[in-house]
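User: I would like a close look at a single side chain and its charged partner, followed by the wider setting in which they sit. Please give the cut-offs behind each term as you go.

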Amino acid sequence: MNEKKQKRETIITSGRRVFQQKGFLDVTMKDIIEAANISRGGIYLYFHSVDEVFVAVLNKRNSHSLEEVKQDIVSKNDFDLVLQDYFDGQRDRLLSGLNDSLLRAVYEYYFTHKRPEDQAFQAEQFAMIKQTITTILEFGIAQNVLRDSNLNDIAEHIMFLIEGLSVLALTSGVTPQQVDDQFDLIEAMLPRTASETRR
């Protein structure tokens, strides 16, 4: 990785830590500059606003999540283990609540950015989350664990359920049992093949 790319990655990583600590609305460029240990002039070679840093953080997070799922598929080669790993990661994220303010930061950003380009960005983020879920379900089909039935609708349903749980986690809170119950319901609704259903 060349020096310019490395510096940009450092800013994104540092920015993520700041957003996790403070949410989105309370973060300034000064906060990110101090966390990244970079000069004010230096950061503006890469990013011109807190918004730009936050967009880069979210893009990296979601693309990283998809890559993790792909690596999990290769290393475990077992649909149920891959699905469980994904649910475990989501469970940890949901139950961390306000201790991990990146979740809060995401919704603060969405609630305060309503231009068409912001809404397009939000749609892209949801599409990437849905693609991650779809990749897991397609693996289940490839392994002959799931039937190729309503894949798109199921992936969308899982995405909306997780987003709904995310909002609850930030407002009234969710319990570990509630999260587990919802993920158990998702697993029960998956269209398993006849051989898997008999197991």
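Analyst: Arg91 has a relative accessible area of 24% and is therefore partly exposed, a class that runs between buried (under 20% relative accessible area) and exposed (over 50%), with a 1.4 Å probe and protein chains only. The model is a predicted one, in which local features need pLDDT of at least 70 and side-chain atom pairs count only at pLDDT 80 or more, while totals for chains, interfaces and linings use all residues. Residues are numbered from 1 along each chain as its sequence is written, and side-chain values use heavy atoms, with hydrogens and water left out.

The charged partner of Arg91 is Asp180, and the closest N and O atoms of this salt bridge are 2.7 Å apart; the term asks for a side-chain nitrogen of Lys or Arg within 4 Å of a carboxyl oxygen of Asp or Glu. The link spans distant parts of the chain, since Arg91 belongs to helix 5 and Asp180 to helix 9 (residues 176–189), 89 residues away. Helices here are DSSP runs (H or I, at least four residues), as strands are (E, at least two), and both are numbered from the N terminus. Asp180, at 26% relative accessibility, also counts as partly exposed.

This pair is one part of a wider set, as the structure holds 12 salt bridges. Another joins the side chains of Glu9 and Lys60 with an N to O distance of 2.4 Å, and because Glu9 lies in helix 1 and Lys60 in helix 4, it ties together parts that are 51 residues apart in sequence. In this pair Glu9 is buried, at a relative accessible area of 18%, whereas Lys60 is partly exposed at 35%.

A local case is found in helix 6, where Glu108 and Arg104 lie four residues apart, about one turn of the helix, and their side chains meet in a salt bridge of 3.0 Å, N to O. Arg104, at 25% relative accessibility, counts as partly exposed, while Glu108, at 14%, counts as buried. Elsewhere, salt bridges that share partners join Asp72, Lys76 and Asp85 into one network.

Helix 6 itself is mostly covered, with eight of its 11 residues buried, among them Leu102, Val106, Tyr107 and Tyr110. These buried residues pack against helix 1, helix 4, helix 5, helix 7 and helix 8, where contact means heavy atoms within 4.5 Å.

The helix that holds Arg91 also contributes to the largest pocket, which is lined by 32 residues, with Arg61, Ser65, Glu68, Gln90 and Arg93 nearest its centre. The elements that give two or more residues to this lining are helix 1 (3–22), helix 4 (50–76), helix 5 (79–96), helix 6 (102–112), helix 7 (116–142) and helix 8 (151–170), and helix 4 supplies the largest share, 10 residues. A pocket, on a 1 Å grid over the protein atoms alone, is an open set of points with protein on both sides within 12 Å along at least five of seven lines, whereas a cavity is a set where a 1.4 Å probe fits but cannot get out; lining residues have an atom within 4 Å of a point. The pocket holds about 730 Å³ of space, a volume being the space filled by probe spheres set on points that are joined across faces, edges and corners.

By class, the lining of the pocket has 14 nonpolar, nine polar and nine charged residues; Ala, Val, Leu, Ile, Met, Phe, Trp, Tyr, Cys and Pro count as nonpolar, Asp, Glu, Lys and Arg as charged, and the others, Gly among them, as polar. The structure also holds one cavity of 30 Å³ or more, whose lining includes Leu137, Ile141, Arg147 and Pro191; helix 7 and helix 8 are the elements that give two or more residues to it.

For the chain as a whole, there are 10 helices and zero strands, and buried residues make up 43% of its 199 residues. The C-alpha trace spans about 65 × 40 × 30 Å along its principal axes. Among contacts between residues at least 6 apart in sequence, 73% join residues at least 24 apart, and the 89-residue separation of Arg91 and Asp180 can be read alongside that figure.
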